Amino acid sequence: MGTEPNIRATSSTMWVRTSAPRSRTIRIRDVQHYFGEGEARKQALFNNNLDVYEGEIVIMTGPSGSGKTTLLTLIGTLRTVQEGSLRVLGRELAGASRDELVATRRDIGFIFQAHNLFGSLTAMQNVKMGMELFDFSPKEMKDRATTLLERLDLGKRLNYKPESLSGGQKQRVAIARGLAHGPRIVLADEPTAALDEKTGRTVVTLFQELAQQQGVTIVMVTHDSRILDVADRIVNMVDGEIRSDVVVQEAALICEFLQKLRAFEKLTPATLASIADKMQAEQHSAGDVITRQGEPGDKFYLIRSGEVDVVIDDGTRKRLVARLKDGDFFGETALLTGEPRNATITATKLSLLYSLGKEDFQAAISASASLREELQKVLFERQ
C-alpha cells in the first residue's frame with residue numbers, strides 16, 4: 001500500500017479508508033431525537049453515531065419509519081438537535097445560533113421527494129431560485145441552470161412550467177435546483193423514486209461526478225436498489241438505530257480474500273457478504289502482540305496486508321512455528337475448541353487485519369456446515 005491506512009470507527013463496524021485521508025464533513029455522536037411532548041412523547045432516534053467524509057456517496061437504507069429522513073433533516077439543520085453532538089463542516093449544530101445554522105445551510109443542497117416547485121415559474125426560473133441568495137451574476141445563474149437542466153435531459157423544457165412537466169421531469173428540476181448553488185453537501189431523500197431506470201441512472205451518474213471531481217459529499221435516503229452500485233458506503237437503519245455502516249469497497253475486498261481461502265471458497269456470496277459485514281479492520285504496528293498464548297480466544301483474524309509471527313512457548317523455550325502473510329488467517333483454533341490461545345502472535349511489520357468477534361464467528365460456522373468442516377480440516381493439518 002502506498003500510504004499508511006487511516007482507520008476510522010462507526011457505530012457498529014470499524015472499517016479502513018484505503019484512499020488518501022479526506023476531511024470529515026459530518027460527525028454524529030450519540031444523537032437521539034423525540035417527537036411530541038408529555039405522555040405523547042416518542043423516541044425516534046437512539047444513540048446514533050456516524051462519520052461521513054468529503055467526496056463520499058452514502059446511501060441510507062431501512063424500512064419506512066426507521067428514522068432515515070429524521071436523521072437527514074437533522075444533518076440539514078431542518079430540525080433542532082435535541083441530544084448528542086452533530087457537527088457539519090466543522091460547525092456544531094447542537095445549541096447553534098440561528099446565524100450559525102443559516103451559514104451551515106448555505107453549504108447544503110436539499111433534494112426531497114416532494115419537489116415543491118413554484119407553479120408560476122418555468123423550469124429555468126425554479127432552478128435560478130436556488131441561486132438567488134448567493135453571489136452569482138444573472139449570466140452565471142442562467143448558465144449554471146441551463147447546464148444542469150441540459151445535463152438532466154431537460155434542455156427542451158427550460159421554459160416549461162411545472163403544470164406542463166411530468167412527475168419525473170419535475171423531480172429533475174428539483175434536483176437541478178438543489179445542486180445549482182454548488183453545495184459542499186447534498187442531502188437527497190428518495191431522489192430517484194419518480195424516475196425511470198435510464199433517467200435515474202443519469203441522476204446518480206451526475207452525483208458520482210460531483211463527488212469524484214468536486215469532493216461533494218452526498219447522503220441519500222433510498223429504497224431504490226437500482227442505484228446501490230454508486231454507493232461508497234451503505235448505512236442501514238432499523239427502529240431509529242444505525243445497525244450497520246458498510247464501506248462497499250472494503251466489504252467486496254473482504255469477500256475476495258475469504259473466497260480465496262479453502263475454508264470459505266464454497267460459501268455463497270450472500271454468506272460471504274454477511275460475514276464481511278461483521279468484520280472489523282485493525283491496524284497493528286511492528287512488535288504489537290495481537291493474541292497471547294494462554295488467553296481466551298475472542299476473535300478470528302484475516303491478514304489483509306503485513307506479516308505476523310506465530311510463537312509457541314512450551315515452558316522451556318519459545319519456538320517460531322509459522323510466519324503468516326497477506327491472505328492468511330489465524331485465531332480459529334481457540335474459537336472452535338473453546339480452549340485458550342495456543343500461541344502468541346506478534347506483528348513483525350505494520351499490518352492491517354480484518355477480525356471477526358467470537359459470537360459472529362460462531363454464528364457464521366453454525367449457519368454453514370461446510371465452513372465448520374473446512375476449518376476443522378485446516379486445524380487438523382496445522383497440528
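Which helix lies across E15 and strand E20, and at about what angle to E15 does it run? Before selecting anything, bear in mind that the model on screen is predicted. Now select residues 248-260, which make up helix H7, and then residues 351-357, which make up strand E20; helix H7 lies across E15 and E20, and its direction is at about 100° to E15.

Next, show the sheet to which these strands belong: four strands form an open sheet in the order E13-E20-E15-E18, with antiparallel pairing. At its edges are strand E13 (280-284) and strand E18 (329-330), each of which pairs on one side only. Select strand E15, residues 299-305, together with E18, and you will find them paired in the antiparallel sense over two bridges; for a single pair to display, take Tyr 301, whose bridge partner in E18 is Phe 330.

Move now to another open sheet of four strands, ordered E4-E3-E6-E7 and likewise listed with antiparallel pairing. Its edge strands are E4 and strand E7 (91-92), each pairing on one side only. Helix H1, residues 68-75, packs on this sheet, where it touches E3, E4 and E6, and its direction makes about 120° with that of E3. Within the sheet, strand E3 (residues 24-35) and strand E6 (residues 83-88) run antiparallel and are joined by five bridges, and Arg 29 has Ser 85 as its bridge partner in E6.

Finally, centre the view on Glu 56, which sits in the loop between strand E4 (42-53) and strand E5 (57-61). Glu 56 counts as buried because its relative accessibility is 2%, and its side chain is joined to that of Arg 233 by a polar contact of 2.8 Å.

Methods. Residues are numbered from 1 along each chain as its sequence is written. This is a predicted model: local features need pLDDT of at least 70, side-chain atom pairs count only at pLDDT 80 or more; totals for chains, interfaces and linings use all residues. Side-chain values use heavy atoms; hydrogens and water are left out. Two strands pair if DSSP finds at least two bridges between them. Contact means heavy atoms within 4.5 Å. Axes are lines fitted to C-alpha atoms, for helices over the stretch in contact, and angles run from 0 to 180 degrees between N-to-C directions. Buried means under 20% relative accessible area, exposed over 50%, partly exposed in between (1.4 Å probe, protein chains only). A polar contact is a pair of N or O atoms within 3.5 Å; within protein, one must be able to donate a hydrogen and the other to accept it, and residues adjacent in sequence count only if both atoms are side-chain atoms.
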